[in-house]
Amino acid sequence: MLTKAPRGTKDVTPDNVYKWQYVEDTIRALCKCFGYKEIRVPVFEHTELYERGVGDTTDVVQKEMYTFNDKGGRSVTLRPEGTAGVVRAFIENNLYAESAPSKLYYILSCYRYEKPQAGRLREFNQFGVEAFGAYSPETDAEIISLAMTLLSRLKLADLGLYINSVGCPECRQAYNQKLRAYFSDYVDQLCETCLTRLEKNPMRIIDCKNKTCKKIGEGAPSLLGEQCGKCGEHFDEVKHILQEIGIPYDIDPTIVRGLDYYTTTVFEIKSGNMVVCGGGRYNNLVEELGGPPTAGIGFGLGMERIIMVLEEKNLFPEKPSGCDLYIASIGDNAHKAAQKLVHGLRQSGIAAEGDLMRRSVKAQMKYADKIGAKYVIVLGDDEISSGEAKAKHMQTGEQAPVKLNTLTDDLSKLGNL
RNA sequence: GUGGGUGUAGCUCAGUCGGUUAGAGCGCCAGAUUGUGGCUCUGGAGGCCGUCGGUUCGAUUCCGAUCAUCCACCCCA
């Protein structure tokens with residue numbers, strides 16, 4: 001147990017870290033390009049924030065939260081998602097007082113007590129984006145475009161963008177009544193969960209995977225046809241803009257999303273069957289959590305899921321070399337000289353390494369090859385007395401003479417440094 | 001929470017119809033090549049056969065439990 005990571009958690013070993021850095025670097029560059037600024041928020045919050053923000057009838061809140069009392073008797077919860085905490089920070093730091101809109105992004109870990117499986121962990125990482133203050137459909141399109149642009153920069157094709165609108169509380173209330181009326185004719189056929197859904201949230205019945213429920217759901221009135229004029233218009237404009245900027249999408253009326261705060265636009269991006277990104281608009285959340293009435297829209301994108309898909313499709317760039325120059329050494333004099341040289345090179349910003357294990361030249365060469373050193377210099381008594389050595393380019397095998405007292409310059413002339 | 005699969009070397013996996021020293025490939029270390037990696041050959045290190053219990057003269061093998069892990073469902077990233 002002592003040497004076993006807790007269930008549903010994973011280490012990222014040095015061999016794989018470059019994959020994370022590649023995705024993170026791509027994200028940061030993209031967010032800069034779209035004008036989104038990074039925000040960092042705590043790993044845990046008051047439990048109440050999630051109960052009220054995410055919604056206490058959701059699966060996430062009801063059975064998946066890591067909740068505990070701290071030594072002061074406060075109930076705190078490891079964040080199960082990013083939005084609630086960011087909204088809290090937005091309110092607490094009066095970000096709404098700065099010029100609108102506030103466009104924020106974050107890369108953070110989330111925690112849900114679930115049964116792990118492919119692409120699902122108890123500790124997972126999310127890239128998220130939130131835009132506050134803008135009600136316009138252009139904002140919806142910008143958010144969706146950001147997600148799609150990221151995925152295309154990562155060279156992911158075969159993606160499906162699915163959008164839907166869940167309306168505002170007003171039209172949803174009218175719609176829910178129609179749904180209840182419709183489904184109440186099938187009470188004896190619906191599954192157990194759907195019977196409770198009928199009371200609490202009949203929209204979820206449409207989303208049920210049970211065969212009978214699914215079939216009954218197909219005949220149910222569509223929210224898209226029942227929305228108020230304002231919501232319908234908003235959705236139409238979002239679709240229109242997506243078309244204009246050339247982002248293909250499908251309308252999927254079964255997307256309801258498991259978090260309570262969504263209003264109007266919701267969307268998912270799938271790679272195969274895997275949902276890699278999900279999000280939507282939440283125009284009432286800021287106010288519900290005690291802030292001024294402020295529009296909001298955002299998404300969460302699963303880092304592990306993206307990395308999983310990129311691995312499957314072999315889309316990672318080559319692992320970057322960690323070492324510009326390896327100095328192999330023979331004998332005590334050379335070891336000392338090598339140590340000095342390595343130190344000097346490092347001061348001028350060159351990634352240099354030397355032998356730390358007093359191994360044979362052959363073993364040192366092998367090691368240099370393993371760590372992907374670009375050049376190797378072998379240092380012995382001859383080189384020290386002559387002040388000259390040969391730098392071997394490991395990929396081509398070619399050697400070029402270099403002077404030990406002008407190593408940095410000589411190496412940069414050889415290129416690739 | 002429900003259902004299924006799998007636990008043998010660092011990794012991927014053979015194997016033992018229950019029997020004495022448990023194997024391969026890859027990786028690691030060393031030698032062939034007395035100061036030059038990748039290819040080849042040779043040698044070496046490395047396993048309480050997941051854990052606990054049961055059956056048995058004897059269990060890594062059979063049975064049970066447990067833990068871990070993987071996969072699917074619910075839900076979600």
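## A tour from Val-378 to helix α13

Begin by selecting Val-378, which touches Ala-328, Val-361 and Ala-389, leaving out residues up to four places away in sequence. The model on screen is a predicted one. Val-378 lies in strand β14, residues 375-379. Is Val-378 buried or exposed? It counts as buried, because it has 22 C-beta neighbours inside 10 Å and 20 or more are enough for that label. Now add Val-402 to the selection: it is 24 residues from Val-378 in sequence, and the two are 11 Å apart in space, C-alpha to C-alpha.

Next, colour chain A by domain. The domain assignment gives domain 1 as 14-168 + 228-312 and domain 2 as 325-411. The centres of domain 1 and domain 2, taken over C-alpha atoms, are separated by 49 Å.

Move on to the nonpolar cores. The largest has 71 residues, and those touching the most other members are Val-54, Ile-143, Ile-144, Ala-147, Leu-301 and Ile-306. Select helix α5, residues 137-153, to see the largest share of this core, 8 residues. A second, separate core has 22 residues, including Leu-325, Ala-352, Leu-379 and the starting point of this tour, Val-378.

Go back to Ile-306 of the largest core. Not counting neighbours within four places in sequence, Ile-306 is in contact with Val-23, Val-276 and Leu-301. Ile-306 is one of the buried residues of helix α13 (residues 303-312), along with Met-303, Arg-305, Ile-307 and Val-309. What covers these buried residues of α13? The cover includes α1 (14-34), β6 (123-132), β9 (263-271), β10 (274-281) and β11 (296-302). Just after α13, look at Asn-314, where phi is positive, about 60 degrees.

From the cover of α13, pick out strand β10. Strand β10 is largely enclosed by the rest of the structure, because 6 of its 8 residues are buried. Show β9 beside it: β9 and β10 pair in the antiparallel sense over 7 bridges. Thr-263 has Arg-281 in β10 as its bridge partner. The hairpin of β9 and β10 has 2 residues between the strands, and in this hairpin Gly-272 takes a positive phi near 65 degrees.

Finish by showing β11. The pairing of β10 with β11 is also antiparallel, over 5 bridges. Select Gly-280 and look opposite it to find Gly-298 in β11.

Methods:
Residues are numbered from 1 along each chain as its sequence is written. Chains are lettered from A and ligands numbered from 1 in the order in which they are written. This is a predicted model: local features need pLDDT of at least 70, side-chain atom pairs count only at pLDDT 80 or more; totals for chains, interfaces and linings use all residues. A residue is buried if 20 or more other C-beta atoms lie within 10 Å of its own, exposed if 12 or fewer, and partly exposed in between; C-beta atoms are placed from the backbone. Helices (H or I, at least four residues) and strands (E, at least two) are DSSP runs, numbered from the N terminus. Two residues are in contact if their C-beta atoms, placed from the backbone, lie within 7 Å. Domain bounds come from an automatic or database domain assignment. A nonpolar core is a set of buried Ala, Val, Leu, Ile, Met, Phe, Trp, Tyr and Cys residues joined through C-beta atoms within 7 Å. Two strands pair if DSSP finds at least two bridges between them.
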